Amino acid sequence: MHDPDDSFQLLPGAADSPVILHVPHSSRAIPTDVRGGIVLDDRALELELDHITDSHTAEIAAAAVEAAPIAPWRFVNGLSRLVIDPERFPDEREEMLAVGMGAVYTQTTHRERLRPPGADPRPLIDRYFHPYSEAMTAAVGARLEAVGRAVVIDVHSYPTERLPYELHGDGPRPPVCLGTDDFHTPEELLAHAEEAFAYFGGTGVDSPFAGTYVPLKYYGKVPRVSALMIEIRRDTYMSEPGGAAGPGLVSLAAALAGLVDALSA
């Protein structure tokens, strides 16, 4: 059983760092009562977690913190995205509702049923989504107050082969995909990321995943909040699906630390 207060962590970095490494999808943890609302048997659920979890991304972020000259802050989700996905809109604005993956998922990565028909998402949104969103908003606000700017770097991973839930998965699948936002991703931020990850076989922009995460209080309103999503193709650092990490993890963490260093100057 998890209390909403311990379902995520804000891990402090240097007082003068503007960077927040946001790790929303690395956990496999599902509270017992939430598990009761999922229709998959245990074996099928473990397989779904293999596919949907951005495995080892918390470890990549942690190693980057250790390697960065100025330690960034970290905001880490302690629960699986099968509980709530903190990066979705909690209403009809969310395009992933078309495949049953709004803030509370009703379908799996393979378009099979995850929750019973008519399951009410509101209790999970109230219990987990809103506290998470409020805490992340406060974390960004604190960086703005302390440093005058905030840089949110989303740390994700994605499968080598397209999964059925992907709405835009027919384009390139580079080793590192950089998701951008027209308002919140300045050219300099993108250029720093392209340089930092240049040695992994190439980077791409907004394919197969696009966009960034910015708390709604600041989204489209405050340019001092900049953001970039880093989607790492899983074969660069781990066995798929859901397997062990390999030596690529250390190299990716070093690259992420280099990006953090460039953004902290």
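The legends below describe close-up views of a predicted model.

**View 1. Helix H5 and its buried side.**
Helix H5 spans residues 187-196, and its buried residues are Leu189, Leu190, Ala193 and Ala196. These residues lie on the same side of H5, because the arc they cover around the axis is only 125°. In general, an α-helix has 3.6 residues a turn, so residues three or four places apart point the same way. Glu187, Glu188 and Glu195 are exposed and sit on the face of H5 turned away from the buried side. The cover over the buried residues of H5 includes four strands, S4 (150-158), S5 (176-179), S6 (203-205) and S7 (225-233), together with helix H6 (248-264).

**View 2. Leu189 in helix H5.**
Leu189 belongs to helix H5. Its relative accessibility is 4%, so Leu189 counts as buried, the cut-off being under 20%. With residues up to four places away in sequence left out, Leu189 touches Val151, Ile153, His184, Ser226, Ala227, Leu228 and Leu263. The C-alpha atom of Leu189 is separated by 38 Å from that of Leu45, a residue 144 positions away along the chain.

**View 3. Ser226 in strand S7.**
Ser226 is part of strand S7. Ser226 has a relative accessible area of 11% and is therefore buried. Outside the residues up to four places away in sequence, Ser226 touches Ala150, Val151, Val152, His184, Pro186 and Leu189. The contact between Ser226 and Leu189 also appears in the list of residues that Leu189 touches.

**View 4. Thr185 in the loop between S5 and H5.**
Thr185 is placed in the loop that runs between S5 and H5. Thr185 counts as buried because its relative accessibility is 12%. A polar atom of the Thr185 side chain lies 2.8 Å from the backbone nitrogen of Asp181. The Thr185 side chain also reaches the backbone oxygen of Ala227, at 2.7 Å. Apart from neighbours within four places in sequence, Thr185 is in contact with Thr180, Leu190, Thr212, Ala227 and Leu228. Of these contacts, Leu190 is one of the buried residues of H5.

**View 5. Helix H3 and its buried side.**
The buried residues of H3 are Thr57, Ile60, Ala61, Ala64 and Val65. They are on the same side of H3, because they cover an arc of only 140° around the axis. The elements covering these buried residues include strand S2 (19-23), S3, S4, S7 and H6. H6, S4 and S7 are also among the elements that cover the buried residues of H5.

**View 6. The crossing of helices H3 and H6.**
Two packed helices are described by the angle between their axes and the distance between the axes. For helix H3 (residues 57-67) and H6, the axes come within 8 Å and cross at roughly 55°. The two helices are therefore oblique to each other. Their crossing is right-handed. On the H3 side, the contact is made by Glu59, Ile60, Ala61, Ala63, Ala64 and Ala67. On the H6 side, the contact is made by Leu249, Leu252, Ala253, Leu256 and Ala257. Ile60, Ala61 and Ala64 are among the buried residues of H3.

**View 7. Positive phi at His56 and Arg111.**
His56 is not a glycine, yet its phi is positive, at about 70°. His56 lies in the loop between helix H2 (42-52) and H3. With a relative accessibility of 18%, His56 counts as buried. Arg111 is likewise not a glycine and has a positive phi, of about 65°. The loop that holds Arg111 runs between strand S3 (73-77) and helix H4 (122-147). Arg111 is partly exposed, its relative accessible area being 41%.

**View 8. Cis peptide bonds before Pro208 and Pro241.**
Ser207 and Pro208 are joined by a cis peptide bond with an omega of about 10°. Pro208 is in the loop between S6 and S7. A cis peptide bond also runs from Glu240 to Pro241, with omega near -15°. Pro241 is in the loop between S7 and H6.

Key:
Residues are numbered from 1 along each chain as its sequence is written. This is a predicted model: local features need pLDDT of at least 70, side-chain atom pairs count only at pLDDT 80 or more; totals for chains, interfaces and linings use all residues. Side-chain values use heavy atoms; hydrogens and water are left out. Buried means under 20% relative accessible area, exposed over 50%, partly exposed in between (1.4 Å probe, protein chains only). The arc is that of the directions from the helix axis to the C-beta atoms. Contact means heavy atoms within 4.5 Å. A polar contact is a pair of N or O atoms within 3.5 Å; within protein, one must be able to donate a hydrogen and the other to accept it, and residues adjacent in sequence count only if both atoms are side-chain atoms. Axes are lines fitted to C-alpha atoms, for helices over the stretch in contact, and angles run from 0 to 180 degrees between N-to-C directions. Angles under 35 degrees count as roughly parallel, over 145 as roughly antiparallel, 65 to 115 as roughly perpendicular and the rest as oblique. A crossing is left-handed if the near helix is turned anticlockwise from the far one by less than a right angle, and right-handed if clockwise.
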